[in-house]
Amino acid sequence: MLARGLNPYPPEGLLMSPFQVIIYPPLYFQICSLFLHGEVSYFWPRVVSIAATFVSAIFYYLFVQRMVGQNKVSAWLAALLFMSFMAVWLWSCKGRVDALSIALSLVALYFYGGQTPKSIVLSA
């Protein structure tokens with residue numbers, strides 16, 4: 001709907017009974033609409049989810065590397081263990097919001113989570 005310039009949240013579902021609960025913020029849909037150009041396709045939302053999964057692995061690696069003191073082997077193992085979780089690799093190909101939310105959380109954890117207690121509280 002965003003690719004056509006329409007409201008992603010239909011107003012009749014928000015104003016009249018039965019009400020629709022929309023739990024997803026529009027950021028993922030806005031990113032996907034940049035590639036769709038009006039046609040219906042499941043390819044680009046899946047590409048966005050897969051790219052977000054790889055961004056998650058990279059920033060998880062960087063965060064662990066900073067926390068363990070430049071030990072690259074531990075950071076690589078942590079990133080591989082993160083990618084080995086079934087919830088991560090299975091949902092990365094589905095074209096859903098979850099991969100992007102994990103990626104944004106890990107980016108925030110890398111930039112705002114440090115080795116001081118104050119920065120860890122800020123990242124949470």
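A charge sits over a ring if NZ of Lys or CZ of Arg is within 6 Å of the ring centre and within 35 degrees of the ring normal. The exercises below concern a predicted model.

**Exercise 1. Find the ring under the charged end of Arg66, and follow that ring to its aromatic partner.**

Step 1. The charged end of Arg66 sits over the ring of Tyr110. The distance to the ring centre is 4.3 Å, and the cut-off is 6 Å.

Step 2. Count the aromatic pairs: there are 8. Tyr110 is in one of them, with Phe111 as its partner. The centres of these two rings are 5.1 Å apart and the planes make an angle of 70 degrees. Angles over 60 degrees count as edge-to-face, so the Tyr110–Phe111 pair is edge-to-face.

Step 3. Phe111 has a relative accessibility of 55%. The limit for exposed is over 50%, so Phe111 counts as exposed.

**Exercise 2. Classify the ring pair of Phe43 and Trp44 and name the cluster that contains both.**

Step 1. A pair of aromatic rings is described by the distance of the centres and the angle of the planes. For Phe43 and Trp44 these values are 5.1 Å and 75 degrees.

Step 2. The angle is over 60 degrees, so the pair is edge-to-face.

Step 3. Ring pairs also bring in Phe35, giving a cluster of Phe35, Phe43 and Trp44.

Step 4. Trp44 has a relative accessible area of 30%, so it is partly exposed.

**Exercise 3. Describe the overall make-up of the protein chain.**

Step 1. The chain holds 7 helices and 0 strands. In sequence order the pattern is α-α-α-α-α-α-α.

Step 2. The chain has 124 residues, and 27% of them count as buried.

Step 3. About 8600 Å² of the chain is exposed, with carbon and sulfur atoms supplying 71% of that area.

Step 4. Take the contacts with a separation of 6 or more: residues 24 or more positions apart account for 56% of them.

**Exercise 4. Is Ser49 buried or exposed, and what does it touch?**

Step 1. Ser49 lies in helix H3, which covers residues 43–68.

Step 2. Its relative accessibility is 0%, so Ser49 counts as buried.

Step 3. Leaving out residues up to four places away in sequence, Ser49 touches Tyr28, Ser92, Gly95, Arg96 and Ala99.

Step 4. With Tyr28 there is also a polar contact, side chain to side chain, at 3.3 Å.

**Exercise 5. Locate the salt bridge and state how far its two residues are exposed.**

Step 1. A search of the whole structure gives 1 salt bridge.

Step 2. The partners are Arg96 and Asp98, with the closest N and O atoms 3.5 Å apart. The cut-off is 4 Å.

Step 3. Arg96 has 31% relative accessibility and Asp98 has 29%. Partly exposed runs between the limits of 20% and 50%, so Arg96 counts as partly exposed, and so does Asp98.

**Exercise 6. Compile the contacts of Arg46 and Val64 in helix H3.**

Step 1. Arg46 is in helix H3 and, at 41% relative accessibility, counts as partly exposed.

Step 2. Not counting residues up to four places away in sequence, Arg46 touches Ser92, Cys93, Lys94 and Gly95. Arg46 and Ser92 are 46 residues apart in sequence, yet their C-alpha atoms are 7.4 Å apart.

Step 3. Val64 is also in helix H3. With 12% relative accessibility, Val64 counts as buried.

Step 4. Beyond its neighbours within four places in sequence, Val64 is in contact with Ser74, Ala75 and Ala78. From Val64 to Ala75 the separation is 11 residues in sequence and 5.3 Å between C-alpha atoms.

**Exercise 7. Which residues does Ile31 contact, and which backbone oxygen does the side chain of Ser33 reach?**

Step 1. Ile31 is placed in helix H2, residues 27–36, and Ser33 is in helix H2 as well.

Step 2. Ile31 counts as partly exposed at 26% relative accessibility, whereas Ser33 counts as buried at 16%.

Step 3. Apart from neighbours within four places in sequence, Ile31 is in contact with Val48 and Leu100. The C-alpha atoms of Ile31 and Pro45 are separated by 8.5 Å, with their positions 14 residues apart along the chain.

Step 4. The side chain of Ser33 reaches the backbone oxygen of Gln30 at 2.8 Å.

Notes: Residues are numbered from 1 along each chain as its sequence is written. This is a predicted model: local features need pLDDT of at least 70, side-chain atom pairs count only at pLDDT 80 or more; totals for chains, interfaces and linings use all residues. Side-chain values use heavy atoms; hydrogens and water are left out. Helices (H or I, at least four residues) and strands (E, at least two) are DSSP runs, numbered from the N terminus. Buried means under 20% relative accessible area, exposed over 50%, partly exposed in between (1.4 Å probe, protein chains only). A polar contact is a pair of N or O atoms within 3.5 Å; within protein, one must be able to donate a hydrogen and the other to accept it, and residues adjacent in sequence count only if both atoms are side-chain atoms. Contact means heavy atoms within 4.5 Å. Rings of Phe, Tyr and Trp (its six-membered ring) pair if their centres lie within 6.5 Å; planes under 30 degrees apart count as stacked, over 60 as edge-to-face and the rest as tilted. Accessible areas come from the Shrake-Rupley method with a 1.4 Å probe; for residues, only the protein chains shown count as cover. A salt bridge is a side-chain nitrogen of Lys or Arg within 4 Å of a carboxyl oxygen of Asp or Glu.
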